[in-house]
Each structure stands twice: as structure tokens, then as C-alpha cells.
Amino acid sequence: MARPRARLAGLDWLLLVASLALGGIAGYLGLLLGMRLLLEPRIVSETALRLSKYTVLVEQVLQHAEAPLPAGVLVRQQNQLPSGPPAQAGRFERLVEEAMAREFGLQRRLQRDQPPLQDPWGGHWVQLNRFDQRTGQTLWLFQSQLLSNSLWYLPPLRILAIVIGALAGLVLFLRLKVERPLGQLLTLLAEQGSAAPLQLLPEQGIAPIRNLSLRINRLLERINNTASARRQLLHGLTHDLGGPHARLMLRTEILCERLSGENGELAQAMALDLDRLRELTDQLALLGEQELPAERRQPCALDDLCGRIVASHPSRLIKLRLPRLLVNLDPEGLQRALNNLIDNALEYGAPPVELSAVRRGRDLLLRVDDHGAGVTETLLAIPGPSRSNDRQRQRHRGLGLAIVERFCVDHQGRLRLLEAPGGGLRDELQLPVLVDWATQSALLA
């Protein structure tokens, strides 16, 4: 017996990696959106306030030529900037310029400091409304960036956002592929009643859960087979009662012809009792052959179901060529039909008997081939159903093909008797019982 697989399948790994990647991307985009909506306005407002105050104070000092600049204040001419003339302002600089003009009425140009930096944390050059009296160059004031307004923490924050997003993707993967399938399994198992047939569970989720569902389904099918075993027992009892009953009826008729008087009356009473017993046996046979209603049908794995059906026959007599297909039918009815066809093939044809199945659109073609003498001779050898009311002592009453045909009709299909490619008879059951391809692919993945 193959050991159960506890590892993820290739598709499961692909979905897991995709979930982690999408979660990381979502976390990074969420960080950018949060910074754009929450953090950036606060930093722009604080930077505009600080630069505006500093700029106004320096310009007031520069109004008085004799007043020296305070220590630490760095003012340069335009041609002395690190990168020469001021470059085009970035988005952040434009926002700060707009905030300075809107909130403080200062129309000043702003440029981010370029290497070599005046301060390791960076800063900005602000164009003053003052000129150098000797050269006529515009003066620019340097303002270092405060630690509270810098984005030194942005790289770790980005990594943290990506990690949190990946963890969220992992949680979503576990929720969809582990927790939900397990929850459905527990719910369906809790809803299973004591009446057969028990409904099979959907085979979905990651590979270990699908394998668990598959093994639970096999257990449920074995439980469902208990009803089939009872039906087979009923068939066997009615079959076994047929022989002794026919012999007793024959002997009773002989006694009725030879006896008279009181003994003859006893023989006639015995014949009446045997007639009543025959009626009860026929009722049991009809009960055993009664088809299940449509709502008793259930999804089954065709290869597993047929494998159990032919397991009672020697392996050298039966050959299976069945794909992994999901069908929605009455498993007990299929078991009765295939058992009749296999018994007929072994008795009236010749082994080995080949059981195969192919897909044709939405229909299933289930075939039973033997290696007998051919169609004509085989059909002539198959006894038809007895329509006489005499108490014949035949072993077969010709109901095998009738049961199979009735099974096909109940499933909106048909039975055809054809010539097998290798000679012999082919019994072909055309049944529209295949589960749709999308559902089948999801359950059998």
C-alpha cells in the first residue's frame, strides 16, 4: 500500500509563493499609500514652517549690512552651490514651496542639497530675497534636515511592510487552502446521518488535505458498500431458494396426481403454500432489483469503484483499463450491472474480460469485452427472460441484461451489444454521468 503523501504538491508551492509575493507587494504599496496620505503632509507642513521662520530671520539680519550672521548660519551665492545653478525641484520640494507660499506668503525657491553634503542627514538650500552687493548674485540659505523630519527609517519600514504583507499572504493561503477545506470536511462529516449512502467529501485544498479527503471517501464508500452487501445477500437468498422451491413444486405436483382423499387434500394445501412461497420469493427478487431514486446518486471515482467490483474475480480473468474519472451515479446499480455483464462474459464468452472506459463529450462509455466466439453466436446463446408461468428449473432466467438495461435507462443512457475489436462480444454502456470538467479537475487535482 502506498504511503500517504504529507508534502505539498507543485501547484501548492506555486500558490504559496504567489500568495507571499502578492502579500509583499500589497504591503509595500500600502506603505507608500500611507506615507503619501498621512506622513508626507505632516513632514511638508513642519519643514515649511521651519524653513519659513529661518528664512525670515536670516533675511532680516541681512537687511543690516553691519550685522554679522549668527554662528552656524550658512549663506552662499548661487554660483557657489555644490551642484552649481539650482536644479529642477523635486516633488517634495514643490510641496514645501507651495506650503510656504500658502501658509506664510513666502515665494521662495527650494533645492535639495547635493553631494558633497553639508550635513550627513541632508538638507535644503532656500533662495533668499537678497543679493550680494558686490557680485549681484542671488543668496541661498542652507538649512539642515532635522532627524524627526528625515526618512532615515524608510528602508527598515519598507522591509517591515513587505514582511508583514508576506505574512498576510501566508495567512490568506492557509485560510483558503487549509482552514476552509478542513472546516468543510468537519462540517460535512458532522452532517452525515446514519442512513446510507454517505455523501463523499470534496477533494480540495493542499495535497495532504486532498489525500485525507480521498482516504475518507474510500472509507465512506466501504461503509456504503454495506448496503450493497445486503442487497447481494438478498439476491443470493432468492437465487438459492429458486432451486429447492422448483424441486418441491415438482414433487408436490406428482403427489397431487397420485394421492387422493385426505392425503390429496394435504398435497393440494402444500401446493398452495408453495405458490405463496413463490410469490414471496418473487417479491424479494423484485425488491433486490429495485433501482435507487435519482437523489441517491453520488459522485464516485470510476477506477476505484470498478476496481472493487472486479476484486472478487481472479485477476487473470479480468483486465482493467480505466482512467481517473469522476461520475455521478448509483454505485450499487453499477455494481449489479457490471457483475451481470462480467458473469455473462465469463460463462458465455471466454476470458480474459476487459473492462474499459472512455470519455465522449459529457458521456461515459463503459465497455465490457470478452474473447468468445463472436456477437452472433454469443447473442444466440444468451437466454432470454422466461415469460411462462411454469416452474422451470433453470439456473438463469435471462434477467442479467434486463437489469443492465434498466440501470442504463434509469441514468438516461443506453446499452449496446457490439462486436469487440479482438473478437467476442462488447457490452457498451453509454451513460451521461460524468461530472463537469471544471469540478472534476478541482476535485482530482
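This passage walks through an open sheet and the helices packed around it in a predicted model.

The sheet is built from five strands, running in the order β6-β8-β9-β11-β10, and its pairing is mixed. At the edges sit β6 (318-321) and β10 (414-419); each has a single partner strand, so one side of each is left without a neighbour in the sheet. From one strand to the next, the twist averages 20°. Further in, β9 (residues 363-369) runs antiparallel to β11 (residues 425-431), and six bridges link the pair. Within this pairing, D369 faces R426 of β11.

Helix α7 (residues 331-348) lies against the sheet, where it touches β6, β8 (353-360), β9 and β11. Set against β9, the direction of α7 is off by about 30°.

Helix α7 also has a helical partner. Helix α6 (residues 302-309) packs on α7 at an angle of about 50°, and the two axes are 10 Å apart. With angles under 35 degrees counted as roughly parallel and those from 65 to 115 as roughly perpendicular, α6 and α7 therefore come out as oblique to each other. Their crossing is right-handed. On the α6 side, the contact is made by L302, L305, C306 and I309, which meet P331, L334, Q335, L338 and N339 of α7. Sorted by type, the residues of this contact come to seven nonpolar and two polar, with no charged ones.

Taken together, α7 packs on the sheet and also packs with α6.

Notes
Residues are numbered from 1 along each chain as its sequence is written. This is a predicted model: local features need pLDDT of at least 70, side-chain atom pairs count only at pLDDT 80 or more; totals for chains, interfaces and linings use all residues. Side-chain values use heavy atoms; hydrogens and water are left out. Two strands pair if DSSP finds at least two bridges between them. Helices (H or I, at least four residues) and strands (E, at least two) are DSSP runs, numbered from the N terminus. Axes are lines fitted to C-alpha atoms, for helices over the stretch in contact, and angles run from 0 to 180 degrees between N-to-C directions. Contact means heavy atoms within 4.5 Å. Angles under 35 degrees count as roughly parallel, over 145 as roughly antiparallel, 65 to 115 as roughly perpendicular and the rest as oblique. A crossing is left-handed if the near helix is turned anticlockwise from the far one by less than a right angle, and right-handed if clockwise. Ala, Val, Leu, Ile, Met, Phe, Trp, Tyr, Cys and Pro count as nonpolar, Asp, Glu, Lys and Arg as charged, and the others, Gly among them, as polar.
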